[in-house]
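Here's a quick walk through one protein model, with an eye on its helices and its charged side chains. Have the coordinates open as you read.

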Amino acid sequence: MSLSRGHRVIRDTGYLVLGQVVGGVVGLAAAAWFARNLPSQELSMWPVCVALVAVVAPGSNLGMPNALVRSIPKLFMRGERARAGRMMRTGLLGMLLCTAAISVVLFVFSEQANRILLKGELPEGLMGLLVVAVFVRVLESHLNWFLNACQEYKIMAAARMVAQVLRAVGALTLYVIGGIQASIWGLTLGSAVGCIISGYGLVPHMRHGVGLMHPLELLKKSGAFYLSSLYKGALSRVDYILVGALGGAGDLALYYVAYRVIEYLKEFDTYIMETLTPKLAEKATEGTRASERTFTRCTRYFFLTMVPLHLTLAALGSPLIRLYAGDEYAEAGIIFSVLCVYLLVDGLYSLYRRHVLVIGNRWHMVLLDATHTTLSLGLIALLTVQLAGLGAALGRLLTVTLVVPLSVYLLRR
């Protein structure tokens, strides 16, 4: 007996959450150890790695994530699996080549990137190794989007869980053995295994049809989303970049400790959005009204579960940070509380944004993400100069609060 879409959202989210619980516990324990034992100069390497992923991923995805999650479920529903296979093969090849090209450029100019992102405080040669880890991590992220479009959530959860565990255990073990440079290879190994698992899950879907889709036909579907992803990518880790560039390694380490804890909460919000989007795309084939009913139910579930959780954690900010990283980073507690409130508002915004993605005009996404980027860059830069990491957190909260009304307006359009 086939499940309803609402039950499938709950089931598929459950797969991802289960994988995150296992991988997250190991990752959180390793991150706490690093926070308590690494000097701020070495600890700042981790947010720099995240920031580089945020630069390379949107620059190399060619708009495929949104194009795939919007188109592939519809093609499957219509029985056009050969066309879906050609689209996925072409998209994967383009993303792989683009990721490699950007990574090579970053590797060549790695020392310049060190001076820009962290005032040259990373040891010489470390940034080049980080670029290698970033390349593999971005490739893993791209493959996850393909699995999401195909709704292969069991494999997606397994790939993420194994990659998270291996990254955490590998980085910690190799750091103890060989120091900070060796730990980067631990990060790379975990992501590489995640790529292998994801690739295995995609093989059955890639086999449909023969040949490739014409690049211009694919870019016609993804071009607007690519522009949108560039805007969105510009703001995804602009806080790390600005805190590091304006405040240095110490301020970045403090902000990273707060955001690292919030990241695990953010994963649960993200999983809901990931499993919801393909279902909305499927429902869109039945008409706008049917899609709206699904959206309304999911909004209700979000408010009943996520609002109490976010507000409770915000109230417990300082004790949680002390438990996680020790008294040295106690100042990160207020940053964590602000980020909890930000994440709550951002969850509401993400619901509207995903619905605009599947039923709205492609250029609405460009407008939405361009506005978000402009506000975010301005507010985070302005407040970071005054308040360092706390300013970055407040900038994120103000930005998403201001952009929610625009997303509501575009959805009504």
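Is L166 buried or partly exposed? With a relative accessible area of 31%, L166 is partly exposed. Bear in mind that this is a predicted model.

L166 sits in helix α8, which runs over residues 153–178. Setting aside neighbours within four places in sequence, L166 is in contact with A171, G186, G190 and V193. There's a long-range pairing here too: the C-alpha atoms of L166 and G23 are 8.8 Å apart, although their positions lie 143 residues apart along the chain.

**Salt bridges**

The structure has 3 salt bridges. Here they are with their N to O distances:

| Pair | N to O distance |
|---|---|
| R83 and E217 | 2.7 Å |
| R137 and E140 | 3.5 Å |
| E140 and R167 | 2.8 Å |

Take R83 and E217, whose side chains form a salt bridge. R83 belongs to helix α5 and E217 to helix α10 (residues 215–236), so this pair ties together parts 134 residues apart in sequence. R83 is partly exposed at 25% relative accessibility, and E217 is partly exposed at 31%.

E140 forms salt bridges with R137 and with R167. The link to R167 goes from helix α7 to helix α8, so it ties together parts that are 27 residues apart in sequence. Through shared partners, R137, E140 and R167 join into one network. Within helix α7, R137 and E140 are 3 residues apart, which means about one helical turn separates them. An α-helix has 3.6 residues a turn, so residues three or four places apart point the same way. As for burial, R137 is partly exposed at 28%, whereas E140 and R167 are both buried.

**H142 in helix α7**

Helix α7 covers residues 126–150 and also holds H142. Why does H142 count as buried? Because its relative accessible area is 2%, and the cut-off for buried is under 20%. The side chain of H142 makes a polar contact with that of S60 at 2.9 Å. Not counting residues up to four places away in sequence, H142 touches A57, S60, N61, M95 and T99.

**Helix α5**

M95 and T99 are among the buried residues of α5, as are G85, C98 and L106. The helix has 28 residues and reaches 41 Å from its first C-alpha to its last, close to the expected 40 Å. V104 is in this helix, α5, which covers residues 81–108. Together with V105, V108 and F109, V104 makes a nonpolar surface patch of about 380 Å².

Notes: Residues are numbered from 1 along each chain as its sequence is written. This is a predicted model: local features need pLDDT of at least 70, side-chain atom pairs count only at pLDDT 80 or more; totals for chains, interfaces and linings use all residues. Side-chain values use heavy atoms; hydrogens and water are left out. Patches are made of residues with over 30% relative accessible area and no salt bridge: like charges are joined within 9 Å, nonpolar side chains (Val, Leu, Ile, Met, Phe, Trp, Tyr) within 5 Å. Accessible areas come from the Shrake-Rupley method with a 1.4 Å probe; for residues, only the protein chains shown count as cover. A salt bridge is a side-chain nitrogen of Lys or Arg within 4 Å of a carboxyl oxygen of Asp or Glu. Helices (H or I, at least four residues) and strands (E, at least two) are DSSP runs, numbered from the N terminus. Buried means under 20% relative accessible area, exposed over 50%, partly exposed in between (1.4 Å probe, protein chains only). A polar contact is a pair of N or O atoms within 3.5 Å; within protein, one must be able to donate a hydrogen and the other to accept it, and residues adjacent in sequence count only if both atoms are side-chain atoms. Contact means heavy atoms within 4.5 Å. The expected span of a helix is 1.5 Å times one less than its number of residues.
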